[in-house]
Amino acid sequence: MSEFLGFMGWVVVIFIIFVLVVGFNRQMMEKHRLRDEMMAAKKAAKEAKDKKDNGEKL
């Protein structure tokens, strides 16, 4: 019985570590996605401004 409890303890520890790693990874992916969207919007605005400054039609 003691070996079984020890085994289950390790399973719980590994599961908790897995949940923390997956949660942190998803949080970082969301943060990077928001950053990428902001950079794309800035790039599009800059390109539109450059076209306007050069007298090109949008």
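The expected span of a helix is 1.5 Å times one less than its number of residues. Keep that rule at hand for the second stop of this tour, which runs through a predicted model.

**Whole chain**

Show the whole protein as a cartoon. The secondary structure comes to 1 helix and 0 strands. Orient the view along the principal axes: the C-alpha atoms fill a box of roughly 80 × 10 × 5 Å. The radius of gyration of the protein is 25 Å, whereas a compact globule of 58 residues would have one near 10 Å. Now switch on the surface. The accessible surface comes to about 5,800 Å², and carbon and sulfur atoms account for 69% of that area. What share of the 58 residues is buried? Buried residues make up 0% of them.

**Helix 1**

Select residues 2-53, which are helix 1. Put a distance label between its end C-alpha atoms: they are 76 Å apart, and this agrees with the 76 Å that the 52 residues of helix 1 should span at 1.5 Å a residue.

**The nonpolar patch**

Select Val12, Phe15, Ile16, Phe18, Val19, Leu20 and Val22 and show their side chains. These residues form a nonpolar patch on the surface, with about 670 Å² of accessible area together. Centre on Phe15, one of the patch residues. Phe15 lies in helix 1. Is Phe15 buried or exposed? Its relative accessible area is 54%, so Phe15 is exposed, the cut-off for exposed being over 50%.

Step to Ile14, also a residue of helix 1. Ile14 has a relative accessible area of 54% and is exposed.

**Salt bridges**

Next, colour the charged side chains. Side chains of opposite charge can pair when their charged atoms come close. How many salt bridges does the structure hold? There are 5 salt bridges, and three of the pairs are visited below.

- Select Arg33 and Glu30. Their side chains meet in a salt bridge, 2.6 Å from N to O. The two residues are 3 residues apart in helix 1, so about one helical turn separates them. Arg33 is partly exposed, at 38% relative accessible area; Glu30 is partly exposed as well, at 37%.
- Select Arg35 and Asp36. This pair forms a salt bridge in which the closest N and O atoms are 3.1 Å apart. Arg35 has a relative accessible area of 42%, which makes it partly exposed, and Asp36 is partly exposed at 41%.
- Select Lys49 and Asp53. The closest N and O atoms of this salt bridge are 3.1 Å apart. Both residues lie in helix 1, 4 residues apart, about one turn of the helix. Asp53 counts as exposed, with 52% relative accessibility.

Then return to Glu30 and Arg33 and add Glu37 to the selection: salt bridges that share partners join Glu30, Arg33 and Glu37 into one network.

A point of helix geometry helps in reading the 3- and 4-residue spacings among these pairs. An α-helix has 3.6 residues a turn, so residues three or four places apart point the same way.

**Past the end of the helix**

The last stop is Gly55, just after helix 1. Check its backbone torsions: Gly55 takes a positive phi of about 80°. With Gly55 still selected, add Ile14 and draw a line between the two C-alpha atoms. The residues are 41 residues apart along the chain, and their C-alpha atoms are separated by 61 Å.

Notes
Residues are numbered from 1 along each chain as its sequence is written. This is a predicted model: local features need pLDDT of at least 70, side-chain atom pairs count only at pLDDT 80 or more; totals for chains, interfaces and linings use all residues. Side-chain values use heavy atoms; hydrogens and water are left out. Patches are made of residues with over 30% relative accessible area and no salt bridge: like charges are joined within 9 Å, nonpolar side chains (Val, Leu, Ile, Met, Phe, Trp, Tyr) within 5 Å. Accessible areas come from the Shrake-Rupley method with a 1.4 Å probe; for residues, only the protein chains shown count as cover. A salt bridge is a side-chain nitrogen of Lys or Arg within 4 Å of a carboxyl oxygen of Asp or Glu. Buried means under 20% relative accessible area, exposed over 50%, partly exposed in between (1.4 Å probe, protein chains only). The radius of gyration is taken over C-alpha atoms; the globule rule is 2.2 Å times the number of residues to the power 0.38.
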